[in-house]
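Here are some short questions on one protein model. Each is followed by its reasoning.

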Amino acid sequence: MDKLAGLFSNIELSIRHLLSGVAVYAIYLLGLCDPGPHIEWIGEQPVLAAFVAGAVGFTVYSLYRIIFWVVGDGAAWLLRISAPSTERGTSKLYHSAYASFLLWRRKAGFNEALNGYLHYRWAVVHFTYIVTFTLWFALANREPHSLIEQWQCYAVAASAVLLVVAVWQSSFLFRVERELYLRMRNSEVQQGAQADGPVSGGPAA
């Protein structure tokens, strides 16, 4: 299990940062009419190119996460599909409900394999959103005679499909975390009730 968790963790970090940077840079090249000089530079400086891809990926991912925290978490809260949204109706604001979820999340102590799996699934979803938004940007800023220009219809279709998949999967994962939250919280309540239940004794004297 520890090896599996470590594998998921390494893959997750690679997807979030390095792979995101590679995808953004690759789509950027597709939007150029002459990407040849860039490709030659990558061949001449592979280590520096990998560093640049990682830096681009980290920057893009960080900016994307800010947007997702505002839009994605906000939508999940309003639609009542996230774990913190279970606190709605008890006069709790989002920050209070989210704080309760974070405290429970740390206390729950998910095993490393489950943690790694959830992080990996979320990393794939975030990567899909990043590719979608990058395709939109490339379509809006493409150069004449670029591959994006020539494959415009395919790029639009691919971005539409990726957006649908990303929204579907993020909604699914929000619901999964919500279900885990409810199940484990209810289990804790039941265990507490059993521990505090009346102790039967003999007849009164």
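Q: Which residues does Val-125 touch, not counting residues up to four places away in sequence?
A: This is a predicted model, in which local features need pLDDT of at least 70, side-chain atom pairs count only at pLDDT 80 or more, and totals for chains, interfaces and linings use all residues. Residues are numbered from 1 along each chain as its sequence is written, and side-chain values use heavy atoms, leaving out hydrogens and water. Contact means heavy atoms within 4.5 Å. With sequence neighbours up to four places away set aside, Val-125 touches Ala-166, Gln-169, Ser-170 and Leu-173.

Q: Which elements give two or more residues to the largest nonpolar core?
A: A nonpolar core is a set of buried (under 20% relative accessible area, 1.4 Å probe, protein chains only) Ala, Val, Leu, Ile, Met, Phe, Trp, Tyr and Cys residues joined through side-chain atoms within 4.5 Å. The largest has 13 residues, and Val-125, Tyr-64 and Phe-174 are among those with the most contacts inside it. Helices are DSSP runs (H or I, at least four residues), numbered from the N terminus. The elements giving two or more residues to this core are α3, α5 (112-140) and α7.

Q: How many residues are in the other core?
A: This core lies apart from the largest one. Its members include Leu-135, Ala-138, Leu-139 and Ile-148. The count is eight residues.

Q: Is Val-164 buried or exposed?
A: Val-164 lies in helix α7 (residues 152-195). Exposed means over 50% relative accessible area. Val-164 has 57%, so the term for it is exposed.
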